[in-house]
Amino acid sequence: MVERNERVTKVALDIIDAIQDRLAAHDVTHQEYRAAWAWLMGLAQSGEVPLFLDVFFESIVERNTFDGVAGSEHAMQGPYYLDDHPVLSPPYCLPMRDDEPGDAMVFTGVVEDLGGNGIEGATVDTWQAANDGTYSGFVPDVPRGNLRGILTTAAGGTFRFSTIKPAPYRIPHEGPTGEFLLLTGLHPWRPAHFHFTITADGYKPLTTQIYFRGDEIIDGIGDITNGVKDSLIVDVGQGSDPTVASEHGIGPTYLVADATFALDSA
Ligand code: MBD
Ligand code: FE
């Protein structure tokens, strides 16, 4: 038997109340109600419920939960995390297709505690969209695990991996979420970003994203999910270290970006 839950009662009934209030205020007709009803059925059938929810609501609850906590700022997990990312060995290169489109990038980072001491042996789980804005595991013909990987920090909490620079992400327009954006005149764009979940023994996990300074979406129409935070925007530079290039099988020049992730103790 399910027992009454105070929190669900309070929040869920308030949300229902708000919806009923808006339906009345806008004089929503039965025909409109059925159209929305059918759209919602289609959303469920398309598998886009996680996408739609995260686009419109995850930013709020992420901020409710993590605003003001110690350490690096958190960001949304989004709908494209998979729980079986490839565990990589150094030198860390995110798995990619032979002809993976995009500009080679070497991302370096350090995972540290609140005192600035590097955390060796931290787990860095990263995932990103391909150059066309799609995530592996969610489109046909892209190997599962593509542009996803789990790595471990070295002495001093440092890590380095090679990949392609993430490109701006466009919400798929064939599905109900895209249809909703068209119907409402909202744009479908998120700025280019890496996703990270960083864990280490004795520390609170950090799920966040890294964005790039000069991003056309950040500087232009803005993130449809309202997920960007200034502290998570990093500079993109040029690298040409022959040792790095040969270790990662790229070069002679490549893009570079770097970020520090500070974890609060558990
Ligand atoms: C994404 O890639 C994403 O990161 C979020 C938060 C929402 C939709 C798509
Ligand atoms: Fe994303």
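I count two residues as in contact when heavy atoms lie within 4.5 Å of each other. With that settled, I opened the model, which is a predicted one.

**Entry 1: Ala 75**

I began with the neighbours of Ala 75. Leaving aside residues up to four places away in sequence, I found that Ala 75 touches Glu 62, Thr 207, Thr 208, Gln 209 and Leu 232. Ala 75 itself lies in the loop between helix H3 (49–66) and strand E1 (92–93). Is Ala 75 buried or exposed? I looked up its relative accessibility, which is 4%, so Ala 75 counts as buried; the cut-off I apply for buried is under 20%. I also checked Ala 75 against Lys 229: they are 154 residues apart in sequence, yet their C-alpha atoms are 8.1 Å apart in space.

**Entry 2: the chain overall**

I stepped back to see the whole chain. I noted 6 helices and 12 strands. The C-alpha atoms fill a box of roughly 65 × 40 × 40 Å along the principal axes. The chain has 266 residues, and 41% of them count as buried. I then looked at contacts between residues at least 6 apart in sequence, and 73% of these join residues at least 24 apart. For the accessible surface I noted about 14500 Å², with 55% of it belonging to carbon and sulfur atoms.

**Entry 3: the iron ion**

Next I went to ligand 2, the iron ion. Which protein atoms are its donors? I found Tyr 135 (OH), His 193 (NE2) and His 195 (NE2), at 2.0 to 2.1 Å from the ion. Along the chain, these donors follow the spacing Y-x57-H-x1-H. I checked the two histidines for burial, and both His 193 and His 195 are buried.

**Entry 4: strand E8 and its partners**

His 195 led me to strand E8, which covers residues 194–199. I see that 5 of its 6 residues are buried, so E8 is largely enclosed by the rest of the structure. Which strands pair with E8? One is strand E3 (residues 123–128), which is antiparallel to E8 over 6 bridges. Another is strand E9 (residues 206–212), also antiparallel, joined to E8 by 5 bridges.

I followed Thr 197 in E8 to see both sides. Asp 125 stands opposite Thr 197, and in E9 the bridge partner of Thr 197 is Thr 207. I had already met Thr 207 among the contacts of Ala 75.

The hairpin of E8 and E9 has 6 residues between the strands. There I noted Gly 202, with a positive phi near 90°.

**Entry 5: nonpolar cores**

I turned to the packing inside. In soluble globular proteins, nonpolar side chains tend to be buried together. Here the largest nonpolar core has 29 residues, and those touching the most other members are Phe 107, Val 111, Phe 159, Phe 161, Phe 196 and Phe 261. Strands E2 (104–112), E5 (158–164), E8, E9 and E12 (254–262) each supply at least two residues of this core. E12 gives the most, with 4 residues.

I picked Phe 159 for a closer look. Not counting residues up to four places away in sequence, Phe 159 touches Phe 107, Thr 108, Gly 109, Val 110, Val 111, Val 124, Leu 151, Thr 153, Phe 196 and Phe 261. Apart from the largest core lies another, of 10 residues, and I spotted Leu 51, Val 55, Tyr 80 and Tyr 135 among them. Tyr 135 is familiar to me as one of the iron donors.

**Entry 6: backbone details**

I ended with the backbone. Where are the cis peptide bonds I noted? One joins Pro 90 and Pro 91, with omega about -5°, and Pro 91 is in the loop between H3 and E1. Ala 75 lies in that loop too. Another joins Gly 251 and Pro 252, with omega about 10°; Pro 252 lies in the loop between helix H6 (242–248) and E12.

I also noted positive phi values at residues other than glycine. Asp 27 has phi near 55° and lies in the loop between helix H1 (6–25) and helix H2 (30–46). Leu 147 has a positive phi of about 60°, and I found Leu 147 in the loop between E3 and strand E4 (148–152). I compared their surroundings: Asp 27 is exposed, with a relative accessible area of 64%, whereas Leu 147 is buried, at 1%.

Methods
Residues are numbered from 1 along each chain as its sequence is written. Chains are lettered from A and ligands numbered from 1 in the order in which they are written. This is a predicted model: local features need pLDDT of at least 70, side-chain atom pairs count only at pLDDT 80 or more; totals for chains, interfaces and linings use all residues. Side-chain values use heavy atoms; hydrogens and water are left out. Donors are N, O and S atoms within 2.8 Å of the metal (3.2 Å for Na, K and Ca); water is not among the atoms, so sites may look incomplete. Buried means under 20% relative accessible area, exposed over 50%, partly exposed in between (1.4 Å probe, protein chains only). Two strands pair if DSSP finds at least two bridges between them. A nonpolar core is a set of buried Ala, Val, Leu, Ile, Met, Phe, Trp, Tyr and Cys residues joined through side-chain atoms within 4.5 Å. Accessible areas come from the Shrake-Rupley method with a 1.4 Å probe; for residues, only the protein chains shown count as cover.
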